[in-house]
Amino acid sequence: MVEVPESHSGWTFVTNHARVLAAIADKPNVRIRDIAVHCRLTERAVQRIISDLEQDGYLSHTRDGRSNIYRIEPDRVLRHPAEAGLTVAALLSLLVRDETDHGRPADSTAAR
């Protein structure tokens, strides 16, 4: 996983549910403990978020020994009416970097 940034206060652009989903998309067999550290949440909060995502059909898991393997439903449409038609895959394309991009600085022209 990517280095964890310093803590901050105030509002953010991305919800905790989106952060957890992105962490799982980055590594489908990630441990809840690792998600919690990466997202700066408690393990219990991560468990609740995973439960929410599973209950609404965005995520499922299977057991592999003592581990979970998560499966994201990329074609599910996001819940809020303002994102009508936007899929989980589209959201994750913004939040999860391709392995070839890890360690590469962001393109400075992308923000223009």
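**Close-up 1. Thr62 and its contacts in the predicted model.** In this predicted model, Thr62 is found in strand 1, and, once its neighbours within four places in sequence are left aside, Thr62 is in contact with Ser67, Asn68 and Ile69. With a relative accessibility of 48%, Thr62 counts as partly exposed. Strand 1 spans residues 59-64 and strand 2 spans residues 67-72. The C-alpha atoms of Thr62 and Asn29 are 9.8 Å apart in space, while the two residues are 33 residues apart in sequence.

**Close-up 2. Asn68 and its surroundings.** Asn68 lies in strand 2 and is buried, with a relative accessible area of 18%, a value that falls under the 20% limit for that class. Leaving aside the neighbours of Asn68 within four places in sequence, its contacts are Pro28, Asn29, His61, Thr62 and Arg63. The contact between Thr62 and Asn68 thus appears again in this view, having been listed for Thr62 in the view above. Asn29, which is one of the contacts of Asn68, is separated from Asn68 by 39 residues in sequence and by 5.9 Å in space, taken from C-alpha to C-alpha.

**Close-up 3. Val96 beside residues of helix 1.** Val96 has its place in the segment after helix 4, the helix that covers residues 88-95, and it is partly exposed, with a relative accessible area of 23%. When neighbours within four places in sequence are set aside, the residues in contact with Val96 are Ala22, Ala25 and Asp26. Helix 1 runs over residues 16-26, and Ala22 is one of its buried residues. Leu21, also among the buried residues of helix 1, has its C-alpha atom 9.6 Å from that of Val96, although the two residues are 75 residues apart along the chain.

**Close-up 4. Helix 1 and the elements that cover it.** The buried residues of helix 1 are Ala18, Val20, Leu21, Ala22, Ala23 and Ile24. What covers these buried residues includes helix 2 (32-39), helix 3, strand 1, strand 2 and helix 4. For orientation, the protein has four helices and two strands, and from the N terminus on its elements follow the order α-α-α-β-β-α. Of the 112 residues of the protein, 22% count as buried, and, among contacts between residues at least 6 apart in sequence, 41% join residues at least 24 apart.

**Close-up 5. The second largest pocket and its lining.** The second largest pocket has a volume of about 480 Å³ and is lined by 18 residues, of which Thr15, His17, Ala18, Leu78 and Leu91 lie nearest its centre. Helix 1, helix 3 (43-55) and helix 4 are the elements that give two or more residues to the lining of this pocket. Ala18, named here as one of the residues nearest the pocket centre, is also listed among the buried residues of helix 1.

**Close-up 6. The aromatic pair of Trp11 and Phe13.** The structure holds one aromatic pair, in which the rings of Trp11 and Phe13 have their centres 4.8 Å apart and their planes at 75 degrees, so the pair is edge-to-face. The angle matters for this label because planes over 60 degrees apart count as edge-to-face. Trp11 is exposed, with a relative accessible area of 65%, and Phe13 is likewise exposed, with a relative accessible area of 77%. For the protein as a whole, the exposed area is about 8,200 Å², of which carbon and sulfur atoms supply 51%.

**Close-up 7. Arg76 over the ring of Tyr58.** In this view, the charged end of Arg76 sits over the ring of Tyr58, at 4.9 Å from the centre of that ring.

**Close-up 8. The backbone at Arg40.** Arg40 is found in the loop between helix 2 and helix 3, and its phi is near 60 degrees, which is a positive value in a residue other than glycine. With a relative accessible area of 45%, Arg40 is partly exposed.

Conventions:
Residues numbered from 1 in each chain as written. Predicted model: local features only at pLDDT ≥ 70, side-chain atom pairs only at ≥ 80, totals over all residues. Heavy atoms only, no water. Phe/Tyr/Trp six-rings, centres within 6.5 Å; stacked < 30°, edge-to-face > 60°. Buried < 20%, exposed > 50% of the residue type's maximum accessible area, 1.4 Å probe, protein only. Lys NZ or Arg CZ within 6 Å of the ring centre and 35° of its normal. Contact = heavy atoms within 4.5 Å. Areas by Shrake-Rupley, 256 points an atom, 1.4 Å probe, with all protein chains shown as cover. 1 Å grid on protein atoms, 1.4 Å probe; cavity = no way out; pocket = protein on both sides within 12 Å on 5 of 7 lines; lining within 4 Å. Points joined across faces, edges and corners; volume = space filled by probe spheres on them.
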